[in-house]
Amino acid sequence: MSATEAKIKISGVTRKYSIRRNTEEEKKEFTALQDVELNVKPGEFLTIVGPSGCGKSTLLDLMAGLAVPTEGELFIDGKKITGPALDRGIVMQGYALFPWRTVRRNVEFGLEIKKVPKKDRKAISDRYLELVGLSGYGDRYPYELSGGMKQRVAIARALAYDPEVLLMDEPFAAVDAQTRETLQDELLQIWERTGKTIVFVTHSIDEAVALADRVVVMSPNPGRVREIVPVSLPRPRRVGDVQSTADFSWIRHRVWELLQGETAAVKPAPQQAPVQAPLELAEQLSSSAAL
Amino acid sequence: MPEIDNEILLRTYPMNYIHPKAKGKKTPVLSILKAVAEKSAVMLLILSAWEALPRLGLVDPFLLPPFSDAVGSLVRLFQSGEMFRHIAKSLERSGLGFLAAVAFSIPVGTFMGWNKRIERIADPLLQVCRNTSTLALYPVFILFFGLGETSKIAIILWGTVWPILLNTISGVKEADPLLIKSARSMGISRIGLFTKVVWPMATPSILTGLRLSAATAILMLVAAEMLGADRGLGFMIFYYQERYAIPEMFGGIIFIAVLGVLINFLLVRLESRMTRWKERIVKG
Ligand SMILES: Nc1ncnc2c1ncn2[C@@H]1O[C@H](COP(=O)(O)OP(=O)(O)OP(=O)(O)O)[C@@H](O)[C@H]1O
Ligand SMILES: [Mg+2]
């Protein structure tokens with residue numbers, strides 16, 4: 001069985017939603033994912049990009065065991081995924097913090113479920129709050145935090161119960177550029193240190209390439225895996241450094257092309273791309289590709 | 001964490017942010033006094049009218065004795081110790097009815113809020129029941145349970161069960177699916193899902209229901225103790241009314257009103273304390 005070589009094996013997965021129209025009779029089916037084949041390797045950092053509505057969150061839900069596939073199967077360590085468990089942690093789109101719990105008790109939520117004794121919980125939550133730079137904020141309520149801080153609490157909560165696989169759905173979408181870069185670097189460090197398997201959904205091509213070992217590009221209607229782009233940039237990485245390399249620009253452009261629905265043959269970008277600010281570069285690339 | 005991170009914390013956290021706890025202290029004494037004056041103005045006006053109209057002979061003082069006379073009778077009822085017997089009995093009845101309502105409504109409301117299908121089916125029935133006047137059902141209760149304690153507690157139960165039930169249902173029904181999903185992703189047990197997620201989320205709504213019901217439990221006393229009682233605040237009011245001891249009757253009414261306001265006040269305090277996280281979200 002090749003299933004044992006993959007941390008998560010997604011095999012022939014189709015997911016349909018039945019959408020109810022006004023009358024109960026008229027049930028329509030909507031195919032969110034169609035025949036998805038994907039292997040997530042152990043210890044891999046996999047990112048997923050694709051236009052809105054192409055089924056990225058649906059795919060994460062399936063991996064988390066929060067939804068069941070209409071057809072096909074998913075495996076973790078060769079065992080079929082039948083429901084959620086603490087070996088997979090999910091950071092969902094939107095922070096999903098419990099507003100009646102303080103920051104600390106949010107981070108401890110998974111530990112309570114795991115029945116970790118109270119004093120150990122305290123030590124663990126301290127450690128992860130420090131990791132995400134929120135040491136002094138344990139007694140605050142979520143409403144007293146900024147968006148970026150909430151995001152970090154959600155990440156700390158997922159990390160705290162120490163899942164082998166971390167599923168993250170646009171976790172840095174709501175933070176400013178600087179905070180985002182700090183968080184990206186922190187995440188890379190955590191990943192390098194702990195050897196977790198990370199599946200990371202994002203709308204940002206830069207983010208997807210900067211973080212990933214491989215970028216999964218999805219296409220919509222119905223959601224499919226269009227192509228998987230390997231990212232052979234050196235490790236360990238710092239997001240700020242890696243983004244100014246020529247290799248990065250090439251891979252970034254390749255992903256961008258795939259998302260535009262263009263064929264792989266078109267490659268008009270200049271060979272010696274000068275080191276520029278990412279935004280300018282992006283503009284240049286997109287205008288040249290449009291020709 | 002390195003210094004850079006603190007910098008970001010400062011940046012992402014507005015500098016002009018005032019911690020909510022600090023706000024209360026800044027309220028000037030003058031504005032508190034003003035608020036108190038505003039709130040009591042109408043009360044004082046009505047009580048003065050109540051005092052003045054009978055004294056000036058504009059209203060028959062036998063039917064409406066001056067406010068001070070009613071209060072005086074109430075004080076005398078307390079001094080003689082009679083009042084305490086009534087209070088004890090009434091609180092016992094209200095308390096039992098209320099507790100029975102809680103014991104029924106929270107589990108059933110949770111079940112119905114969780115199973116949307118059942119809720120849809122039962123909703124019309126609930127609306128009919130809720131809007132059926134308790135007084136209209138009193139004869140039915142007497143028919144079924146006689147004139148004893150059972151029918152008195154049953155009528156209080158009927159009045160108190162609906163606010164809690166409906167508020168529990170809506171609280172559970174409106175529980176944020178994202179948070180439920182988030183908890184499920186961590187492999188939470190079915191029981192844990194209710195105790196750790198659904199109930200805390202529904203707490204503000206359930207507490208509102210409890211407060212409305214507690215107030216109703218006091219209001220219902222007058223009706224519940226109208227017939228076949230020999231003690232209780234409601235009984236007392238009817239007893240003195242029949243004997244044309246009008247100041248005592250009003251004394252009893254004043255006491256029930258004060259008791260209702262007091263219980264409501266305490267529960268509002270409890271509610272805002274327990275749902276601090278929610279209030280701040282709404283009020284900003
Ligand atoms: N519960 C549901 N019922 C019906 N349709 C759904 C449901 N959840 C998702 N869909 C549909 O499935 C498709 C994929 O949704 P999904 O949330 O996975 O997209 P996504 O790729 O995560 O999009 P975004 O980038 O906007 O988050 C969408 O077209 C959406 O309308
Ligand atoms: Mg999504």
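**Exercise 1. Describe the surroundings of ligand 1 in this predicted model.**

Step 1. Count the shell. Ligand 1 is surrounded by 14 residues, where a residue is near a molecule if one of its heavy atoms lies within 4 Å of it. The closest are A:Ser52, A:Gly53, A:Lys56, A:Ser57 and A:Thr58.

Step 2. Sort the shell by class. Five residues are nonpolar, seven polar and two charged. In this scheme Ala, Val, Leu, Ile, Met, Phe, Trp, Tyr, Cys and Pro count as nonpolar, Asp, Glu, Lys and Arg as charged, and the others, Gly among them, as polar.

Step 3. Assign the shell to elements. β1 (8–20), β2 (27–40) and α1 (56–64) of chain A each supply at least two residues; the largest share, three residues, comes from α1(A). Helices (H or I, at least four residues) and strands (E, at least two) are DSSP runs, numbered from the N terminus.

Step 4. List polar contacts (pairs of N or O atoms within 3.5 Å; within protein, one must be able to donate a hydrogen and the other to accept it, and residues adjacent in sequence count only if both atoms are side-chain atoms). An oxygen atom of ligand 1 lies 2.5 Å from a side-chain N or O atom of A:Thr58. For the side chain of A:His203, the distance from a ligand oxygen to an N or O atom is 3.0 Å. With A:Gly53 the partner is a polar backbone atom, 2.9 Å from an oxygen of ligand 1.

Step 5. Give the cover. Ligand 1 alone exposes 640 Å², of which the protein buries 66%. Accessible areas come from the Shrake-Rupley method with a 1.4 Å probe; for residues, only the protein chains shown count as cover.

**Exercise 2. Lay out the four-stranded sheet and the β9–β10 hairpin of chain A.**

Step 1. Order the strands. The open sheet runs β2-β1-β4-β5 in chain A, with antiparallel pairing. β2 and β5 (79–80) are at the edges with a single partner strand each, so one side of each has no neighbour in the sheet.

Step 2. Check one pair. β1(A) and β4 (residues 71–76) of chain A pair antiparallel over five bridges, with A:Ile8 opposite A:Ile76 in β4(A). Two strands pair if DSSP finds at least two bridges between them.

Step 3. Turn to the hairpin. β9 (residues 214–219) and β10 (residues 224–230) of chain A pair antiparallel over six bridges, and A:Val217 stands opposite A:Glu227 in β10(A). Four residues separate the two strands.

**Exercise 3. Find the unusual backbone angles.**

Step 1. Recall the rule. Most residues other than glycine have a negative phi, and most peptide bonds are trans.

Step 2. Read phi. A:Asn221, in the hairpin turn, has a positive phi of about 50 degrees. A:Ala96 has a phi near 55 degrees and is in the loop between β6 (88–91) and α2 (103–107) of chain A.

Step 3. Read omega. The bond joining A:Asn221 and A:Pro222 is cis, with omega about -10 degrees. A:Arg235 and A:Pro236 are also joined by a cis peptide bond, omega about -10 degrees; A:Pro236 is in the loop between β10 and α8 (239–242) of chain A.

**Exercise 4. Judge the confidence of chain A.**

Step 1. Take the average. The mean pLDDT (the predictor's confidence in each residue, from 0 to 100) is 85, and 86% of residues reach 70 or more.

Step 2. Find the extremes. Among the elements of chain A, α10 (residues 278–290) has the lowest mean, 42, and β3 (residues 45–49) the highest, 97.

Step 3. Mark the weak stretch. Over residues 262–291 of chain A, pLDDT is below 50; this stretch has 28 contacts in the model beyond near neighbours in sequence, a contact being heavy atoms within 4.5 Å. Where pLDDT is low, the predicted coordinates should not be read in detail.

**Conventions**

Residues are numbered from 1 along each chain as its sequence is written, and chains are lettered from A and ligands numbered from 1 in the order in which they are written. In this predicted model local features need pLDDT of at least 70, side-chain atom pairs count only at pLDDT 80 or more, and totals for chains, interfaces and linings use all residues, while side-chain values use heavy atoms, with hydrogens and water left out.
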